[in-house]
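Reader: I am new to this structure and would like to know what stands behind the words used for it. Could we take them one at a time?

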Amino acid sequence: MRPSSVLLPLVLCVCVSIVQSQGQFCNPILAGFYPDPSICRVGEDYYLVNSTFAYYPGLGVFHSRDLVHWEIIGHVLERPEVLNLEGQGVSRGLYAPSIRYEKGTFYVTCTLVDIGGNFVSTAERPEGPWSNPVWFPQVNGIDPSLFFDDDGRAFLLYNSVAPGNKPLYEGHRTIRMREFDATNRILVGEEKILVNGGTDISRKPIWIEGPHMLKKNGWYYLLAAEGGTEDQHSEVVFRSNSISGPYAAFAGNPILTQRTLDPKRAHPVTCAGHADLVETPAGEWWAVFLGCRPYRDGYFNTGRETFLAPVRWNGGWPIINPDLQEVKYHYPAPLPALAPVKRAYGGNFTYRDELNGPSLDPNWMFLRTPRERWYDLGKKKGFLTVRLRPETCSGTGNPTFLAQRQQHLSGSVRTALEFTAKSPNEKAGIAVFQNESHYYFLCESIDHAHPVVQLFRSGDTTRGERETVLLASQGLDSPSAGNRTALKIDACSDMYRFSYRTMGGVWAVLKDSVDATFLSTKVAGGFVGCMYALYATSDGQSSATEAAYDWFEYTGIDDVYR
Ligand code: 6LW
């Protein structure tokens, strides 16, 4: 099976976006879990990649002509044989990629943590096909990115261990560099440490990472994240007049952070850092970087998202948020808005997937690599038919699970499905999932031979709970024709509401005021954000039962964009 061949853009999105109204655009430009952005420009086209961790296919490639409206055009790792995520926790897998273009070739470098390390993949066209990864076993670290110098030489930069692998304190890391032979796709020469610790090692800076190099007016600028990817996160810059250094830290560092701001401010953007810069044809500079939107007290379910902000050059240094003010939800648009895109990723929007195309929309993600064809868009016309399988999303295999991101603090997601469980272990519905031990599952099943709609929470097995804990159950007294039911999850910042509707009926709330902070990064940990998943399972037992999903609809309604 080659899922890549089914991931063509064929969908049917009704988009209502206010992105770029009145010459302003909305941040984040890619809302929801789109961390560690990296960007490059080729002529008037911009390309952007993000970390995808244990979701599959790996490393979506986004395209834009105006830096604000994006479209996913392919994936770097979209063949099961080049990306085996089996056994990986959801926040392992693919970390912090970088995308670069040089002389007719696109280069994506990335780290597949725990199971491969660092690699480069290349393509002549950004939509692919992308080459098999070429591994760099010499690199002991993460966040690799390439820099192509104007003299024809190329270099790989990355985060690595402390000198001699002897950290002076927790979080003591280095930025290192090796020369890259682009013709043979190999690293050559000696490894060089460009930054030890961070901007000022006497102050014990932590987690210098995400290095990105650029050259301007003869200076080499090395940008990196510092402070860890949580609320102390920042972006800092160093420069040198020689590629190999020495690199001097900017006296005005950090050039981006939100850590000094009042945590009680309205609509905070936090954790800002991990930036990559791009220059427009008119010579204006913009930064993409990650940031988070807590609904209160540092709790957020939308993961680390991609923001865009102008860069001001001052005294030969790039500055992203001058005087460390708030990152803004709206800036003047960098470029004239172009033709509407298939789907919005920023501001408030709605999209609906009728699940009636011959192939899946490329925004759907599998949890780890599918090894068998358990889904089918052709079997029942106008439906996505899935087979129930023993895997659950509490495990580290590939469950029957297809997901899209939670992109707003408030909004709702709905689906309609036809499903008849044959035994109580068989369940199909919709989950809101952060990781293997932090999710809610709204589903249909049977209980004592009677159809029910149920809500489960992932259990804490370390405290003696079962894998899932039943929170609510309601009998479906008069199952409608075809056993067709609609399910809905409303997100209301720190709460979720779970509802259902049988054919011809009205929405009924199964359970309201369900704690959403349980799925926040602060509670669940990790590097990802929440996903809404069409999820079905036979819970450890073999099964031939299927569920047929008719459509999926997403609406985001955050106050800040109204
Ligand atoms: C990534 C590192 C980071 O490798 O988080 O925010 C890690 N920065 O640079 C995972 O996204």
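Author: Gladly! A word on strands comes first: they are DSSP runs of E with at least two residues, numbered from the N terminus. Keep in mind that this is a predicted model. With that numbering, proline 28 lies in the loop between strand E1 (24-26) and strand E2 (38-42).

Reader: What makes the peptide bond from asparagine 27 to proline 28 special?

Author: That bond is cis, with omega near -5°. The bond from glycine 245 to proline 246 is cis too, with omega near 5°. Proline 246 sits in the loop between strand E17 (234-240) and strand E18 (248-249).

Reader: What is notable about leucine 59?

Author: Leucine 59 has a positive phi of about 60° although it is not a glycine. You will find leucine 59 in strand E5, residues 58-64.

Reader: How many helices and strands does the chain have?

Author: The chain holds 1 helix and 39 strands.

Reader: Why is the chain called as compact as a globular protein of its length?

Author: The radius of gyration is 23 Å, and the globule rule gives 24 Å for 562 residues; the two values are close, so the chain is as compact as a globular protein of that length. Along its principal axes, the C-alpha trace spans about 75 × 50 × 45 Å.

Reader: Now to the ligand. Which residues come nearest to it?

Author: Of the 13 residues around the ligand, the nearest are Asp36, Asp143, Thr229, His274 and Arg304. By type, the shell divides into 6 nonpolar, 3 polar and 4 charged residues.

Reader: How do you know that threonine 229 makes a polar contact with the ligand?

Author: Compare the distance with the cut-off: a polar contact is a pair of N or O atoms within 3.5 Å. An N or O atom in the side chain of threonine 229 is 2.8 Å from a ligand oxygen, so the pair counts. For histidine 274 the side-chain distance to a ligand oxygen is 3.2 Å, so this pair counts as well. In arginine 304, a polar side-chain atom lies 2.6 Å from an oxygen atom of the ligand.

Reader: How much of the ligand does the protein cover?

Author: The protein covers 98% of the 290 Å² of accessible area that the ligand has on its own. The space the ligand takes is the largest pocket.

Reader: Which elements give two or more residues to the shell around the ligand?

Author: Those are strand E7 (94-102) and strand E11 (141-148).

Key
Residues are numbered from 1 along each chain as its sequence is written. This is a predicted model: local features need pLDDT of at least 70, side-chain atom pairs count only at pLDDT 80 or more; totals for chains, interfaces and linings use all residues. Side-chain values use heavy atoms; hydrogens and water are left out. A residue is near a molecule or strand if one of its heavy atoms lies within 4 Å of it. A polar contact is a pair of N or O atoms within 3.5 Å; within protein, one must be able to donate a hydrogen and the other to accept it, and residues adjacent in sequence count only if both atoms are side-chain atoms. Accessible areas come from the Shrake-Rupley method with a 1.4 Å probe; for residues, only the protein chains shown count as cover. On a 1 Å grid over the protein atoms alone, a cavity is a set of points where a 1.4 Å probe fits but cannot get out, and a pocket is an open set with protein on both sides within 12 Å along at least five of seven lines; lining residues have an atom within 4 Å of a point. A molecule sits in a cavity or pocket if more than half of its atoms lie within 2 Å of its grid points. Helices (H or I, at least four residues) and strands (E, at least two) are DSSP runs, numbered from the N terminus. Ala, Val, Leu, Ile, Met, Phe, Trp, Tyr, Cys and Pro count as nonpolar, Asp, Glu, Lys and Arg as charged, and the others, Gly among them, as polar. The radius of gyration is taken over C-alpha atoms; the globule rule is 2.2 Å times the number of residues to the power 0.38.
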